[in-house]
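Student: I would like to go through this model term by term, asking each time what justifies the word that is used. Could we begin once the structure is in view?

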Amino acid sequence: MNYRHAYHAGNHADVLKHWVLTRCLALLQKKPAPLAYIDTHAGIGLYDLKGEEALKTDEWQAGIGRVWTSTHPLLADYLHAVRELNEDDELRYYPGSPEIARCLTRSQDHLHLNEKHPADGQLLKDNMRIDRRVSVHLGEGWHVPRALLPTEEKRLLMLIDPPFEEGDDLQNSVQALEESLARMRQAIVCLWYPVKDIGQLRRFYQKLEKSNAPKLLRVELYVNQPNDSSKLNGSGLVICNPPWGLEAELRELLPWLTETLQQGEGGWRLDWLIAE
Ligand SMILES: C[S@@+](CC[C@H](N)C(=O)[O-])C[C@H]1O[C@@H](n2cnc3c(N)ncnc32)[C@H](O)[C@@H]1O
């Protein structure tokens with residue numbers, strides 16, 4: 001377990017992932033019924049962009065650094081979660097997915113956050129301790145569907161966001177998706193992945209197409225043409241059972257987001273791997 005998200009927090013891939021997360025949360029809250037949020041690979045929840053790790057890569061400058069001053073209404077929730085951590089106009093702290101979900105959920109909602117790395121898990125606990133709606137688990141992310149589903153709440157949003165430092169994270173993600181759906185067919189599951197090796201991704205899409213998912217929406221954003229598999233040229237999310245309205249919102253913002261985040265010749269795609 002060498003991957004530390006502190007080196008990459010707020011980069012272009014985080015912007016896409018966290019923005020999609022905020023829209024799922026917003027659309028789900030159109031109904032008052034309680035919601036469960038689960039993060040299988042949660043990280044530490046809060047990142048210092050002027051800290052040693054972030055300074056080594058400065059990746060956030062080409063990510064949140066480029067969208068932070070936007071006034072686009074579809075980014076309002078996302079940027080609200082970022083601003084909550086930054087008292088003045090200087091961007092210094094960045095919320096991970098746990099903090100974004102914590103900031104944008106209601107008193108009736110519950111959060112289960114899982115992080116396997118012992119030191120990061122402790123930091124996550126420290127960062128989340130003020131909120132009684134949050135449970136932090138320090139176990140194996142791939143065991144989360146079996147351990148926590150079905151949830152008491154009928155509505156569930158789950159983020160599966162592994163580090164992809166091992167070759168089988170794509171395969172494990174599909175399995176975790178299938179296990180989750182076997183326990184809660186209506187679950188909304190967001191599965192994040194890097195756009196690097198296109199051949200590997202083709203096999204991943206094929207597996208997803210044959211999965212037990214009722215509906216699967218795929219969104220990808222490239223900051224460069226995806227033809228060098230050693231680089232993070234872009235990232236994607238597969239969203240199972242996306243909330244009504246999400247597809248239209250993605251279609252509206254993706255051209256602008258691509259234009260803003262691209263480093264060379266960027267691009268995006270939005271389509272259904274499994275349509276209804
Ligand atoms: C991409 S980061 C998560 C970022 C976070 N979801 C966010 O968006 O802010 C992946 C995290 O998974 C953790 N991790 C690695 N292997 C794991 C495993 N087998 N089970 C659970 N967590 C794991 C890493 O320590 C790292 O913090």
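Tutor: Helices and strands here are DSSP runs, of at least four residues for a helix and at least two for a strand, numbered from the N terminus. Asparagine 11 lies in the segment before H1, and the model in which we read this is a predicted one.

Student: Why is asparagine 11 called buried or exposed, whichever of the two applies?

Tutor: Buried means under 20% relative accessible area; asparagine 11 has a relative accessibility of 4%, and therefore counts as buried.

Student: What makes the approach of asparagine 11 to glutamate 59 a polar contact?

Tutor: The term asks for a pair of N or O atoms within 3.5 Å, one able to donate a hydrogen and the other to accept it. The side chains of asparagine 11 and glutamate 59 make such a contact at 2.8 Å. In addition, a polar atom of the asparagine 11 side chain lies 2.9 Å from the backbone nitrogen of aspartate 14.

Student: Which accessibility class does tyrosine 7 belong to, and why?

Tutor: Tyrosine 7, which is also found in the segment before H1, has a relative accessible area of 31%, and so it is called partly exposed, since that class covers the range between under 20% and over 50%. The C-alpha atoms of tyrosine 7 and glutamate 59 are 7.7 Å apart in space, with their positions 52 residues apart in sequence.

Student: Why is valine 15 assigned to its class of accessibility?

Tutor: Valine 15 is found in helix H1, residues 12–28, and its relative accessibility is 0%, so it counts as buried. Valine 15 and lysine 56 are 41 residues apart in sequence, and their C-alpha atoms are 19 Å apart in space.

Student: What is notable about the backbone of aspartate 58, and where does this residue lie?

Tutor: Phi of aspartate 58 is near 55°, a positive value in a residue other than glycine. Aspartate 58 is placed in the loop between helix H2 (52–57) and helix H3 (64–67), and because its relative accessible area is 32%, it is described as partly exposed. Phenylalanine 164 likewise has a positive phi, of about 55°, although it is not a glycine; its place is the loop between E6 and helix H8 (169–183).

Student: What makes the peptide bond between leucine 149 and proline 150 cis?

Tutor: The omega angle of the bond joining leucine 149 and proline 150 is about 0°, and the bond is a cis peptide bond. Proline 150 lies in the loop between helix H7 (144–148) and strand E6 (155–160).

Student: Why do arginine 133 and glutamine 206 receive the accessibility labels they have?

Tutor: Arginine 133, in the loop between helix H6 (118–128) and strand E5 (134–137), has 13% relative accessibility and therefore counts as buried. Glutamine 206, in helix H9 (residues 198–209), reaches 46%, and so counts as partly exposed, exposed being reserved for values over 50%. The C-alpha atoms of glutamine 206 and leucine 273, which are 67 residues apart along the chain, are separated by 8.8 Å.

Student: How do you know which residues surround the ligand, and how many are there?

Tutor: A residue is near a molecule if one of its heavy atoms lies within 4 Å of it. For the ligand, 22 residues surround it, the closest being His18, Ser97, Glu115, Gly141 and Asp161. The shell divides into four nonpolar, eleven polar and seven charged residues, and the space taken by the ligand is the largest pocket.

Student: Which side chains come within polar-contact distance of the ligand?

Tutor: Within the 3.5 Å limit, there are several to name, among them histidine 18, with a polar side-chain atom 2.8 Å from an oxygen atom of the ligand. Arginine 4 has a polar side-chain atom 3.0 Å from a ligand oxygen, while a side-chain N or O atom of glutamate 140 is 3.0 Å from a nitrogen atom of the ligand. Taken alone, the ligand exposes 610 Å², of which the protein buries 96%.

Terms used
Residues numbered from 1 in each chain as written. Predicted model: local features only at pLDDT ≥ 70, side-chain atom pairs only at ≥ 80, totals over all residues. Heavy atoms only, no water. Areas by Shrake-Rupley, 256 points an atom, 1.4 Å probe, with all protein chains shown as cover. 1 Å grid on protein atoms, 1.4 Å probe; cavity = no way out; pocket = protein on both sides within 12 Å on 5 of 7 lines; lining within 4 Å. Sits in = over half its atoms within 2 Å of the grid points. Nonpolar A, V, L, I, M, F, W, Y, C, P; charged D, E, K, R; others polar. Buried < 20%, exposed > 50% of the residue type's maximum accessible area, 1.4 Å probe, protein only.
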